[in-house]
Amino acid sequence: MAKKILVVDDAVDSLKLIGLMLKRQGYEVSVADSGGKALQKADAELPDLIILDVMMPDMNGLDVCRRLRANSKTEDIPIIMFTAKTLIDDKVKGFEAGADDYLTKPTHPAELANRVKSVLKRKAAERASKTDAPETKVPAVADNTQRGRLIGVLGVKGGIGTTTVATNVAAALMQGGENPVVSDFRLGTGSMSLMLGIEDGPMATLIKDTALTAETVSDAIVEHESGLRALLSSANPHDAALEFLEDKPVLIFDNLREFGNPTIVDLGNGINRYNVKVIEQIDSLLYVVDANSISLQMAASQLEILDSIVGAKAINIVVVNRSQTTLPWHEAESRLNREVRAIISPAPELAFQAIEQAKPFVLLQPTSMVAGQFIKLADELRGALH
């Protein structure tokens, strides 16, 4: 059944335009041209979401929002405030009145659709967590038909090269015509911003944002000189001490995948209380190991857990060799009892040049052997994006 959205605006043209945008997205639309009518319709129809204009003659949207929150029948209906005002104070007042999100006029249809989907999904997750009923919970892997896929990059241990893998796969996909966003979820140790020649990353700011929206996530995306888009952590060691709800990064990446296909996230190394929540949401995982006995022994143990979280079919083993002296790839396959998806050869000189010039391998020397290995891996991942 289509979700019902109540649109409240005293301007008839706005009602028609917003209603048309939403109907094209498959929603059922109800309208009200005053605050009083909005309260009546909300109480009678109990819509799934309300888009509420602030500036109305009989009763402004802030008062309508407060009354909706005071009514036990409508208190949990998500509300997006919609106004021509752009001052920060007005947005704060909207959130204080009980709004879940805020849009300013005029808005692009894609942005409106993204906000509506994001708010509806977030509210559904909140309701599921409150009831704690298994049959009503949002599934770990949501319906991604309208959104970009989420690819995680996880290392068996530190210093394995997950950042290099994430940036080069993203760059190769971009060169191949895709629209990726790359990110690193490594608070306090984020080196991706430094590797791309970008001074700082706002991930910690988003983590601390109590009113996180698709707009704030979008605003945090930066663009590398090559055109590659990124949402980055900083290398500020204080960020590593942040305490936050485990679901917060899930919300960040859930919003981020609205802006690119795929979203590629460097999850650091090992499984911990924070990255495991993101791992539960991914569509596929690039699991990075190096071919030596210690790494492979650690990987075997971690893979047992990862299999139970995302399933063995979603895991792609990537062997990154940092020296010429390593175990052969077939030995790695034998010890892990699974196929190796890609092998990345050692390239210390190219790695040095890439750092100095702040460019991924595949952009700096696209004809090099190691760039070709990343391009091949990206080509194999591309088939799942469409």
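Four aromatic pairs turn up in this structure, which is a predicted model. In the first one to look at, F185 and F244, the ring centres sit 6.5 Å apart and the planes meet at 65°; that angle is over 60 degrees, so the pair counts as edge-to-face. The contact ties together distant parts of the chain, 59 residues apart: F185 belongs to the loop between strand 7 and helix 7 (192–195), while F244 lies in the loop between strand 9 (229–231) and helix 10 (248–256). Both of these phenylalanines are buried. They also belong to a cluster, with ring pairs linking F185, F244, F253 and Y274.

Another pair is F361 with F374. Here the centres are 6.2 Å apart and the planes make 55°, so this one is tilted. F361 comes from helix 15 (residues 361–364) and F374 from helix 16, with 13 residues separating them along the chain. Again, both rings belong to buried residues.

Helix 16 deserves a paragraph of its own. It covers residues 369–382 and packs on the sheet, where it touches strand 6 (150–155), strand 11 (284–289), strand 12 (315–320) and strand 13. Its direction is at about 155° to that of strand 13. As for length, 14 residues at 1.5 Å each should give a span of 20 Å, and the end C-alpha atoms are indeed 20 Å apart, so the two agree. Besides F374, the buried residues of helix 16 include V370, A371, L377, A378 and L381, and Q373 and R382 are on that list too. In general, an α-helix has 3.6 residues a turn, so residues three or four places apart point the same way.

The sheet itself is open and built from eight strands, running in the order 8-9-7-10-6-11-12-13 with mixed pairing. At its edges are strand 8 (222–223) and strand 13 (340–344), each of which pairs on one side only. Further in, strand 7 (residues 181–184) and strand 10 (residues 263–269) run parallel and pair over four bridges. Within this pairing, D184 stands opposite D266 of strand 10.

How far can the model be trusted? Mean pLDDT for the protein is 86, and 92% of its residues score 70 or more. Confidence peaks in strand 6, at 96, and bottoms out in helix 4 (residues 88–97), where the mean is 69. Over residues 133–145 pLDDT stays under 50, and the model has 18 contacts beyond four places in sequence for this stretch. Where pLDDT is low, the predicted coordinates should not be read in detail.

How values were computed. Residues numbered from 1 in each chain as written. Predicted model: local features only at pLDDT ≥ 70, side-chain atom pairs only at ≥ 80, totals over all residues. Heavy atoms only, no water. Pairing = 2+ DSSP bridges. Helix = DSSP H or I, 4+ residues; strand = E, 2+ residues; numbered from the N terminus. Contact = heavy atoms within 4.5 Å. Axes fitted to C-alpha atoms, helices over the stretch in contact; angles between N-to-C directions. Expected span 1.5 Å × (residues − 1). Buried < 20%, exposed > 50% of the residue type's maximum accessible area, 1.4 Å probe, protein only. pLDDT = per-residue confidence, 0-100. Phe/Tyr/Trp six-rings, centres within 6.5 Å; stacked < 30°, edge-to-face > 60°.
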